[in-house]
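Work through the following exercises with the sequence and the model at hand. Each task is followed by a solution in steps.

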Amino acid sequence: MAATPTSSDPGCTFCRVVRGEAASHIVLADEISLAFLDHRPLFRGHCLLVPRDHAPTLGDLPPAVIGSFFANVQLLARAVEVGLAAEGSFVAVNNRISQSVPHLHVHVVPRRRGDGLRGFFWPRQRYASDAEMARVRELLRSAIVQLRG
C-alpha cells in the first residue's frame, strides 16, 4: 500500500522507509502502520512495526490510532509464529532510552526455546519494603490522574 504519512520528519530514518526513500523488506502495510524486517535482527524474522505518521514515542501516538496500531502488533506477533514456525515471540518498545531511531517502533521477534535470548536484558530488583512499593504505587496513581486531566 502506498499511503503517504501526513506527518513526516525529513531526517527520520523510519519516515524515509515509510515514504519509500530507503530500502526495506516490508511485511505488512496499511493506512496506519508499516512493518519491515530489521536490518540487524536478533533472529531471522525480527520485524519493526512503525506508525506511518511520525511519532517519536508511544506517548506521542495519537489515541485515535492506538487500537489499530496495536491490532497490527498482535497480527505481526501471530504471523512471526505461524510463518516462521516459532514457538513464541518477544514484543518490545523502547521510549527514548535505547531507542536507536526516534520514531516509535515495536520490535516483534520470533522466539524458540534455547535460542539464547534470556528474558529481560537487565537485572531485576526488589522493593526495599512494602512501604516503598506502596509509595511508588501512589506516585504512579497520581501521575495517571494528572495525565488523564
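**Exercise 1. Place Leu 58 in the chain and find the surface patch that contains Leu 58.**

Solution. Step 1: Leu 58 sits in the loop between β3 (47-51) and α2 (63-83); helices (H or I, at least four residues) and strands (E, at least two) are DSSP runs, numbered from the N terminus. This is a predicted model, in which local features need pLDDT of at least 70 and side-chain atom pairs count only at pLDDT 80 or more, while totals for chains, interfaces and linings use all residues. Residues are numbered from 1 along each chain as its sequence is written, and side-chain values use heavy atoms, with hydrogens and water left out.

Step 2: Leu 58 has 32% relative accessibility and therefore counts as partly exposed. The classes are buried (under 20% relative accessible area), exposed (over 50%) and partly exposed (in between), with a 1.4 Å probe and protein chains only. Accessible areas come from the Shrake-Rupley method with a 1.4 Å probe, and for residues only the protein chains shown count as cover.

Step 3: Leu 58, Ile 66, Phe 70 and Val 93 make a nonpolar surface patch of about 260 Å². Patches are made of residues with over 30% relative accessible area and no salt bridge; like charges are joined within 9 Å, nonpolar side chains (Val, Leu, Ile, Met, Phe, Trp, Tyr) within 5 Å.

**Exercise 2. Which aromatic pair includes Phe 14, and where do its two rings lie in the chain?**

Solution. Step 1: The structure holds 2 aromatic pairs. Rings of Phe, Tyr and Trp (its six-membered ring) pair if their centres lie within 6.5 Å; planes under 30 degrees apart count as stacked, over 60 as edge-to-face and the rest as tilted.

Step 2: Phe 14 pairs with Phe 36; the ring centres are 5.5 Å apart and the planes stand at 65°, so the pair is edge-to-face. This pair links distant parts of the chain, with Phe 14 in helix α1 (residues 13-18) and Phe 36 in strand β2 (residues 33-37), 22 residues apart.

Step 3: Phe 14 is buried at a relative accessible area of 6%, and Phe 36 is buried at 5%.

Step 4: Phe 69 and Phe 70 form an aromatic pair that is also edge-to-face, 5.4 Å centre to centre with 80° between the planes. Phe 69 is buried at 0% relative accessibility, whereas Phe 70 is partly exposed at 31%. Phe 70 also belongs to the nonpolar patch.

**Exercise 3. How many salt bridges are there, and which residues are linked in a network?**

Solution. Step 1: A salt bridge is a side-chain nitrogen of Lys or Arg within 4 Å of a carboxyl oxygen of Asp or Glu. The count comes to 5 salt bridges.

Step 2: Arg 19 and Glu 21 form a salt bridge, with the closest N and O atoms 2.9 Å apart. Arg 19 is partly exposed at 28% relative accessibility, and Glu 21 is partly exposed at 45%.

Step 3: Arg 111 forms a salt bridge with Asp 115, the closest N and O atoms being 2.6 Å apart. Arg 111 counts as buried at 18% relative accessibility.

Step 4: Arg 141 and Glu 138 meet in a salt bridge of 3.3 Å, N to O. Both lie in helix α3 (residues 130-148), and because they are 3 residues apart, about one helical turn separates them. Arg 141 is partly exposed at 47%, as is Glu 138 at 35%.

Step 5: The network of salt bridges links Arg 137, Glu 138 and Arg 141.

**Exercise 4. Examine phi at Arg 96 and Ser 98.**

Solution. Step 1: Most residues other than glycine have a negative phi.

Step 2: Arg 96 has a positive phi, near 70°, and Ser 98 has a positive phi near 65°.

Step 3: Arg 96 is in the loop between β4 (88-93) and β5 (106-111), and Ser 98 is in the loop between β4 and β5. Arg 96 is exposed at 62% relative accessibility, and Ser 98 is exposed at 59%.

**Exercise 5. Describe the order of the elements and the confidence of the model.**

Solution. Step 1: The protein has 3 helices and 5 strands, which run α-β-β-β-α-β-β-α from the N terminus on.

Step 2: The mean pLDDT (the predictor's confidence in each residue, from 0 to 100) is 91, and 93% of the residues reach 70 or more.

Step 3: Over residues 1-5 pLDDT stays under 50, and the model has 10 contacts for them beyond four places in sequence; contact means heavy atoms within 4.5 Å.
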